[in-house]
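Biologist: I should like to understand the words used for this protein. Please set each value against its definition.

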Amino acid sequence: MNRTLGIIFALLLAFSATGAELDRNVFSLLDLNRKGLEKVKALYQEGKETEAAGALLNYFRERKGIIHPDVNLEKVSLTKTEQKWADEALAHKFFAHKGYQPSYWYGDDINWAYWPVKDNELRWQLHRHKWFVPLGKAYWLTKDEKYFLAWQEQYLDWISKNPLATDAPKGSAEEENVRFAWRPLEVSHRLQEQIEQLLYFIGSDNFTPEFLTSFLVNYHRHADRIIHNYSEKGNHLLFEAQRLYYAGTFFPEFKESETWKKSAVEVLNRESQAQVFDDGVQYELDLHYHVASINIFSKALRMAAANHSTADFPAEYISRINRMITALYNLSFPDYTRPLFGDAKKSGKAEMIGNYQEWAKIFPEEKMIAWLASEGKKGATPAYLSHAFPDGGFFTFRNSWNSDATVMVVKAGPPAYWHNQPDNGTFELWINGRNFFPDAGSYVYAGDEEVMKLRNWFRQTAVHNTLTLDRRDLVQTNSQTLLWKTGTDTEILVTENRSYENLSHRRSLFFVDKKFFVIVDEAFGTDQGNVAIHYQLCEGKMKLNLKEHTAATRFNDGNNLFLKSFSPDPVVMAEQEGWVSYEYRQRAPRKAFSFSTEKRGDQPVRFITVIYPVKNRSEEPRIEFNVNQQGFSSNGLNLDISVNGRSYRLAYQLPESSKK
Ligand code: CA
């Protein structure tokens, strides 16, 4: 049977079946004493369950007073992408993951356990049913019943093939399936989106009272699964609580709705303290999840505000969100992008402007949020430029908030969780519209050996802009800030990480005249071996001069960079494998290189790197540095460097308390 015929048969089946049978459990889950449900209660008490379900359907079709802040039925729009997901779903081609396109076909008789590439995300995310809301919107806009029938068929098929079999034998296929289909994060995704699906579909003539009972019982099972199986920590827990809050607020008819809300409020308030440092940085140190967390916290707040429950979230909760947004714009570049540290992915400018517009509604008095929401038409930029987030360990050198700015974001923080990478000391440098040192990103999350091999390449310390011993990953990621000095012509950050058993990496960064950078890397300790510093440039035409220890970009748009490294130790410059991944399962080759030396004794080894912005090749500076000068010590630096004949003094003395 060819595929088209198969679809027709599947649709015929859906037409001929009643869709769903009445699930009488629904009546015990609902508070039938609730105002508006009098008729449902009376019919139910008379034993007329079908009629009672009919009255329940009418009740939900006509229900007023509960506001969904993210859905406006007067203004539904369907993007081209959503239309594609909806249309492909009619043929059982399900959009599971952006990194796996085109979408896979899951069979006429849907195989929800189909797992063509053993990447966990591909299998987990199938169970988010991301095409269901697009089907709902397509239905709402066209009233074409094919969208409703496809949704109903798939919705019921999913229920019947994915039982929440918590007692399935360990190692059985059923148990494996529960791990994917009922992982709390996926459950929470469905919990949130089923509300929208109901709003779009409930008006269909094919939406039967029986189907409503199946829907509500299934929905209740989802909320129940969350509240008894929260993830332990991290962004998953936040997502789960916020979505449970949506469930409790949107369905006050469930007896347990207040319990769900109360639990969600408790988790969100508690975790907004636990997962966000006082400086506003989310503790996974991944700016993608930082943004996701801001959105989680503000979504819950928006739902509360729309339904007269603002008291659920006290001032401290709201002030945390504000600090998180402040951290975000300080760690972002003027084009609304931000470093791809950890597992972060690139996000679009339009998406970020949309975010700031939403946040501006919560914080109308915040001038920088207004400025970003309006692309500079309203509001104002902060009075300061460079800024530190000492708890999260992010430091931004900045000479302007405008598009011609030079912005370096350095990552040197505490240990963090799964999405974090062993990259302390690394940085991204954005100048005048170009990110010259984009972080490698993550490429993939987790799966079988083959998938993990890909992931682990992108996680390596050596593919970041920092120091390694024998190219090994850092064994510790717990940087100490020794100095942060701004407001002077030359701004300074000194950060140190005990990177290996007996080797500390001290990195001193000088933002000289707020124009160019000098990075002094020192490796102290008794460990011996090959010590290297690594640099990863952006894609494009580059010139590496391995003899002269220089690298230069060769763009034709008058925005280039020149890098030169010096060392008192015998150093070799070498090219290394370079990749950058802005999106899941997408990567591009780029130039990367290292400077390395053999550390043989207890004496420290040192590298001095100058990074100098130029318009073009003719502007590449003449940089001189006397590697024998006596300005190195364990508690400070006092060095002179000459650029085009002009001498610059790079000096600091560590305060007594931070001396080693
Ligand atoms: Ca990285």
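Modeller: Of the 660 residues of the protein chain, 60% count as buried; the word means under 20% relative accessible area, while exposed means over 50% and partly exposed in between (1.4 Å probe, protein chains only). This is a predicted model, in which local features need pLDDT of at least 70, side-chain atom pairs count only at pLDDT 80 or more, and totals for chains, interfaces and linings use all residues. Residues are numbered from 1 along each chain as its sequence is written, and side-chain values use heavy atoms, with hydrogens and water left out.

Biologist: Why is Trp151 called buried or exposed?

Modeller: Trp151 has 0% relative accessibility, so the residue counts as buried. Trp151 is found in helix 8 (residues 145-161); helices (H or I, at least four residues) and strands (E, at least two) are DSSP runs, numbered from the N terminus. Leaving aside neighbours within four places in sequence, Trp151 is in contact with residues including Phe132, Leu135, Phe201 and Phe207, where contact means heavy atoms within 4.5 Å.

Biologist: Why is Leu544 called buried or exposed?

Modeller: The relative accessible area of Leu544 is 14%, so Leu544 is buried. Leu544 is found in strand 12 (residues 542-545). Beyond its neighbours within four places in sequence, its contacts include Met573, Glu575, Lys591 and Phe593. Val580 is 36 residues from Leu544 in sequence, and their C-alpha atoms are 18 Å apart in space.

Biologist: What makes the protein chain as compact as a globular protein of its length?

Modeller: The protein chain has 18 helices and 23 strands. Its radius of gyration is 29 Å, close to the 26 Å that the globule rule gives for 660 residues, so the chain is as compact as a globular protein of that length. The radius is taken over C-alpha atoms, and the rule is 2.2 Å times the number of residues to the power 0.38. Along its principal axes, the C-alpha trace spans about 95 × 55 × 45 Å.

Biologist: Which atoms are called donors of the calcium ion?

Modeller: The calcium ion is coordinated by Gln421 (OE1), Asp439 (OD), Asp439 (OD) and His464 (NE2), at 2.1 to 3.1 Å. Donors are N, O and S atoms within 2.8 Å of the metal (3.2 Å for Na, K and Ca); water is not among the atoms, so sites may look incomplete. Asp439 lies in the loop between strand 5 (434-435) and helix 18 (449-459), and His464 in the loop between helix 18 and strand 6 (467-469), so this pair, 25 residues apart, links distant parts of the chain. Both Asp439 and His464 are buried.

Biologist: What makes the backbone unusual at some places?

Modeller: Most residues other than glycine have a negative phi, and most peptide bonds are trans. Gln101 and Pro102, however, are joined by a cis peptide bond, with omega about 0°. Pro102 is in the loop between helix 5 (80-90) and helix 6 (120-126). His129 is not a glycine, yet has a positive phi of about 50°. Asn644, in the loop between strand 22 (636-643) and strand 23 (646-653), has a positive phi near 50° and is likewise a residue other than glycine.

Biologist: Why are His129 and Asn644 given their accessibility words?

Modeller: His129 has 5% relative accessibility, so His129 counts as buried. For Asn644 the value is 43%, so Asn644 counts as partly exposed.
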